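Look at the structure below with one question in mind: how are two packed helices described? The text starts with one helix pair and then turns to the chains and the contact they share.

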Amino acid sequence: MSIGTTLLGLLESGPRHGYDLKRLFDERFGHDRPLHYGQVYSTMSRLLRNGLVEVDGVESGSGPERKRYAITDAGVTDVSRWLSTAEKPEPYLQSTLYAKVVLALLTGRDAAGLLDVQRAEHLRLMRELTRRKTSGDLADQLVCDHALFHLEADIRWLELTASRLGRLAREVGA
Amino acid sequence: MSGANTAEGTEALLTATRLRKYFGSTAALNGADFTIDSGEVVAVMGPSGSGKSTLLHCLAGILDLDGGTVRYDGHELSALPDTERSRLRRSDFGFVFQFGQLVPELTCVENVALSLRLAGVARRRAESSATEWMARLEVDDVRDKRPGQVSGGQRQRVAIARALVAGPRLIFADEPTGALDSLNGERAMELLTGAARDTGAAVVLVTHDVRVAAYSDREVVVRDGQVLDTTARIAGTT
């Protein structure tokens, strides 16, 4: 999943310090793999360099300076582009797809549409594999079947998630 | 008419516009649009109870509409008299259902030949064509058995042969592999879509199974009584 774009999406609700961003990310998407502080600060430096965030204020106290980041218009465009573009179907997409769905809900975008677009992209690849399988030998068939079963499992997840969007929206507080 | 024309500017084989169908106070279809071109295989998907089968029955003129129009090859189906609609269904449409729905008292070859016989084709010629289609569907060895004496997979292939024998331009398949295991289901789909492509027939394929839908050229999803073309939707996101 794109940690940078996910952090950007979390900034859409208002400026935040790096520490807040890490906490929010871990709470929503970290599960058993929380972000390292270094990962957050290096990602924010990159986003700053690319003009996707700007420094909204700096607090200095007894410890190191704490920068507060705000998303720029270019950053919002980047989040929109990410959410509206289908992922290349491949194994273990769930964390990325889950992050996209939650962010779409949190930012008031079309989460159902996002799932439809992804489903159609998965099905497009399934069509391609089915054509290859139909004209191939047994080895082709078995290789294609393996990929087809994984894609089918993803689509079942997409369908189930689509049917639970209302509940998910309530649970993430969207 | 909106959606009636293909990209090349020719009229689609079948165009349904703003279909409405109610069962009591429940709207099964509520402004559904659908288009299929000659030779195209379109999968109709959607959750259970979403109205997929109702859409198929409305498109085929089996169910009367509460609103909207279905145009097939220049004719508005609902405007045709019943006899004309039945004739069109026999000559131009083929049907495959989940459980085959063969006539149990007839042999398999008699089942396949039935639509030709009803159209007035002599028995010998009708059964000769039926046998050719059964060979193509790899079930000619059961031609003289009754449906109850053959396996589910064979029965469904007999049903597919029956749908194809009269040379339909449009095949309506409602969960055609729903009663089959995955190997038999996949073979049935290969044979159905392969034969349809070779003859230029279009197929409306209602299924809840994405692996079956993967044999189509395009999919639409029935949701809240409307038809969403997700293939077009993804094309529009790039």
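Helices α1(A) and α3(A) are roughly perpendicular to each other, because the angle between them, about 80°, falls in the range of 65 to 115 degrees that counts as such. This is a predicted model. Two packed helices are described by the angle between their axes and by the distance between those axes. For this pair, formed by residues 3-11 and residues 37-49 of chain A, the axes lie 10 Å apart. On the side of α1(A), the contact is made by A:Ile3, A:Gly4, A:Leu7 and A:Leu8. Helix α3(A) contributes A:Gln39, A:Thr43, A:Arg46 and A:Leu47. Sorted by character, the residues of this contact comprise 4 nonpolar, 3 polar and 1 charged.

The two helices belong to a chain with 8 helices and 3 strands. Read from the N terminus, the order of elements in chain A is α-β-α-α-β-β-α-α-α-α-α. A box of roughly 70 × 30 × 30 Å along the principal axes holds the C-alpha atoms of chain A. Of the 174 residues in chain A, 29% are buried. Counting contacts in chain A between residues at least 6 apart in sequence, 57% join residues at least 24 apart.

Chain B has 8 helices and 10 strands. Its radius of gyration is 18 Å, close to the 18 Å that the globule rule gives for 238 residues, so chain B is as compact as a globular protein of that length. The C-alpha atoms of chain B occupy a box of roughly 50 × 40 × 40 Å, again taken along the principal axes. Buried residues account for 48% of the 238 residues in chain B. Among the contacts in chain B between residues at least 6 apart in sequence, 69% link residues at least 24 apart.

What remains is the contact between the chains. Which elements of chain A give two or more residues to the side that touches chain B? The contact as a whole takes 16 residues from chain A and 12 residues from chain B. On the side of chain A, the elements that give two or more residues are α6 (111-135) and α7 (138-163). Helix α6(A) gives the most to this side, with 10 residues. By character, the residues on the side of chain A that touches chain B divide into 7 nonpolar, 4 polar and 5 charged.

Notes. Residues are numbered from 1 along each chain as its sequence is written. Chains are lettered from A and ligands numbered from 1 in the order in which they are written. This is a predicted model: local features need pLDDT of at least 70, side-chain atom pairs count only at pLDDT 80 or more; totals for chains, interfaces and linings use all residues. Helices (H or I, at least four residues) and strands (E, at least two) are DSSP runs, numbered from the N terminus. The radius of gyration is taken over C-alpha atoms; the globule rule is 2.2 Å times the number of residues to the power 0.38. A residue is buried if 20 or more other C-beta atoms lie within 10 Å of its own, exposed if 12 or fewer, and partly exposed in between; C-beta atoms are placed from the backbone. Two residues are in contact if their C-beta atoms, placed from the backbone, lie within 7 Å. Ala, Val, Leu, Ile, Met, Phe, Trp, Tyr, Cys and Pro count as nonpolar, Asp, Glu, Lys and Arg as charged, and the others, Gly among them, as polar. Axes are lines fitted to C-alpha atoms, for helices over the stretch in contact, and angles run from 0 to 180 degrees between N-to-C directions. Angles under 35 degrees count as roughly parallel, over 145 as roughly antiparallel, 65 to 115 as roughly perpendicular and the rest as oblique.
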